[in-house]
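Q: I would like to learn how to read a structure of this kind. Please show it and take me through its features.

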Amino acid sequence: MGSLKESAVSGSNPLDSPVKQIQIDGLVVLKIIKHYQEEGQGSEVVQGVLLGLVVEDRLEITNCFPFPQHTEDDVDFDEVQYQMEMMRSLRHVNIDHLHVGWYQSTYYGSFVSRALLDSQFSYQHAIEESVVLIYDPIKTAQGSLCLKAYRLTPKLMEICKEKDFSPEALKKACIGYEHMLEEVPIVIKNSHLINVLLLDLQEKSTVADKHELLNLSSSNHLEKSLQLLMDRVDGMSQEIVKYNTYCRNLTKQQQQKQQYLQRRQQENTQRQSRGEPPLPEEDINKMFKPPQAPPRMDTLLIAGQVNNYCQNIKAFTSQNLGKLFMAEALQGHSS
Amino acid sequence: CRSKPATARIPWRPALSFSSSPFVIFLHFLYKIMAVHGPLVKIHPVVLASIVDSYERRNEGASRVIGTLLGTADKHSVEVTNCFSVPHNESEDEVAVDMEFAKNMYELHKKVSPSEVIIGWYATGYDITEHSVLIHEYYSREAPNPIHMTVDTALQSNKMNIRAYVSSQMGVPGKTVGVMFTPLTIKYIYYDTERIGVDLLQRTRASPSRTNGLTTDLAQVASAAGRVQEMLSTMLSYIEDVLSGKVMADNSVGRYLMDLVNKVPKITAEDFESMLNSNINDLLMVTYLANLTQAQIALNEKLVVL
């Protein structure tokens, strides 16, 4: 995505997050829902841009526009140009044209990936207050809107800037998978006129409540979530194996180095006792090249993703347990 | 095409623009009870929210906003799914619409959703003015039989009147020709997720600062249960009124109640127990696994950092 160098507000304290709360207009919520419903089916991901402004420590999102998909088919489609044109046009009709973030839909909660990290990093680098809104359509269809806003923690931002993902660097920064993304609380706000509109809609619409929220069936959702979790755990175990082999290789190499040095010393003392010149010092490092340390970023991402899956699953099961106990209470009454 | 109305020789000459003369109010009323020959108009709430938002952001001095409606049309109905506002200037005797802009925006929108086409246009405000006729002509070139939608954001009648019209020719061919706007029936349709979104937005009406946070999971189940409880208590109070003779019994309502009571499945206690237990066991097992996995990765993290 093109990163626009629009600095809406000068960043305040760099250690504290400059954004404490997100305020979204009802219009943006409806647009995001519509975009996914019409253009993204199955496990495809739809994306778009958020527009708004920053007020004190709140980020207000007042409008958004979607990004077309399948840009691989159309070679002469320029993403940046589309964005610039859209924003120019929106400026004519007085819509806030400041870029403040982007949104993405997710499939069962799987969004912690390299692509997201890179995009969010470039956004946050250019615009300090930007966020990524993650919209979960499947959870929303189960009864209540699931919209979350994330930012990269300052620690992670620094690491991404250095582009150094070796284990030592990560250890130095003490980043755990829990400190990668921070969630920002969301509040939805509507203007008075929109409230009048909502009142009108409520009176006129004859749609009966469907109460998906009280649906008792859970096995389908659980199956899929567990499947995804298993895949990630497999990936995780592969990374762990890689890291273990690296550690083992490293220790073996250290041992070999020690042995070589010892042998050298022994030989030298022997030669000295025999009166011969000692062997020349050889460069140890060239002989024993240290093995390549595996980059730890992927492991961190997978750990973060697994954590996210687990939390989603736990929330889902707690909801369902509540519903089952309610059903039991009702049955107990009637029997 | 329109021409200036000639002096009244035909007593029932129809007005070319709807003003608030009593004759025209009669016409409004007549149109309400006449059969509508146009298609059914289905509107998504996102369109209305967009229109209200662009009205709020209108330029200084502009009394109304206009824009294009996008959607899909089939034989009997038209579904409006998207819209964008178009800058325009309107004064007493002329109107200027930025058509380049409209074309540009439509191209951009088409890149995202190629199935949406221009199906009409909207304007805020209560009346249909002469300028609307001109604008409607322009849109007739873009789409076959365009719809014109008005949203009364000035709340003239204490409500936001949302109406849709389709235009048709009228008058004596060759002499006085004009354009008539026939009203169409409007229906609001929602996707499932849209309805859930709108339900959430409804809650902002309750709070004085017009804000609303997103609730946690168990709280949602509790509120859904609360809603069902409310509905049940309404029903119970109605039934008691009927039984005590306060309200006349309605047969259709009685039939619905009968259906409802019969729909409750009859399960023996043991079957229900076993179903409940197996479900609870499944959920508990999954919770245990999730906790285990989380503990595992936390441990792995600590080991690596050592």
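A: The turns below go through the chains, one helix, the interface and two loop residues. The model is predicted.

Q: How many helices and strands does chain A have?

A: Chain A has 10 helices and 8 strands. Its counterpart, chain B, has 8 helices and 11 strands.

Q: What percentage of the residues in each chain is buried?

A: A residue is buried when its relative accessible area is under 20%. In chain A, 48% of the 335 residues fall in that class. In chain B, buried residues make up 41% of 306.

Q: What surface does each chain expose, and which share of it comes from carbon and sulfur atoms?

A: Chain A exposes about 17100 Å², with carbon and sulfur atoms supplying 51% of that area. For chain B the exposed area is about 17700 Å², and carbon and sulfur atoms account for 59% of it.

Q: How should I read contacts by sequence separation, and what are the percentages for residues at least 24 apart?

A: The base set holds contacts between residues at least 6 apart in sequence, and the share quoted is for those at least 24 apart. In chain A that share is 75%. In chain B, residues 24 or more positions apart account for 59% of the contacts with a separation of 6 or more.

Q: Turning to a single element, what is the span of helix α2 of chain B, and what span is expected?

A: The general idea is that an α-helix has 3.6 residues a turn, so residues three or four places apart point the same way. Helix α2 of chain B covers residues 45-56, which is 12 residues. From first C-alpha to last it reaches 17 Å, close to the 16 Å expected at 1.5 Å a residue.

Q: Why is α2(B) described as largely enclosed by the rest of the structure?

A: Because 11 of its 12 residues are buried, α2(B) is largely enclosed by the rest of the structure. The buried residues include B:P45, B:V46, B:L48, B:I51, B:D53 and B:Y55.

Q: How is the size of an interface given, and how much area do chain A and chain B bury between them?

A: Interface size is often given as the accessible area lost when the parts come together. Here chain A and chain B bury about 8200 Å² between them, and 66% of that lies on carbon and sulfur atoms. In terms of residues, 98 from chain A are in contact with 82 from chain B.

Q: Which polar features cross the interface of chain A and chain B?

A: There is 1 salt bridge by the rule applied. It joins B:E116 to A:K34, with the closest N and O atoms 3.3 Å apart. The rule also finds 6 residue pairs in polar contact across the interface. On the side of chain A that touches chain B, elements supplying at least two residues each include α1 (26-39), α8 (219-274) and α10 (297-334). The most comes from α10(A), with 21 residues.

Q: Which residues have a positive phi although they are not glycine?

A: Most residues other than glycine have a negative phi. Among the exceptions here is A:N94, with a phi of about 65°. A:N94 lies in the loop between α2 and β4 (99-105) of chain A, and is partly exposed at a relative accessible area of 30%. Another is B:N145, with a phi of about 55°. B:N145 is in the loop between α4 (130-142) and β7 (147-151) of chain B. With 48% relative accessibility, B:N145 also counts as partly exposed.

Definitions and conventions. Residues numbered from 1 in each chain as written. Chains lettered and ligands numbered in written order. Predicted model: local features only at pLDDT ≥ 70, side-chain atom pairs only at ≥ 80, totals over all residues. Heavy atoms only, no water. Helix = DSSP H or I, 4+ residues; strand = E, 2+ residues; numbered from the N terminus. Buried < 20%, exposed > 50% of the residue type's maximum accessible area, 1.4 Å probe, protein only. Contact = heavy atoms within 4.5 Å. Areas by Shrake-Rupley, 256 points an atom, 1.4 Å probe, with all protein chains shown as cover. Expected span 1.5 Å × (residues − 1). Buried area = accessible area lost by both parts, 1.4 Å probe. Salt bridge = Lys/Arg side-chain N within 4 Å of Asp/Glu carboxyl O. Polar contact = N/O pair within 3.5 Å; in protein donor to acceptor, adjacent residues only side chain to side chain.
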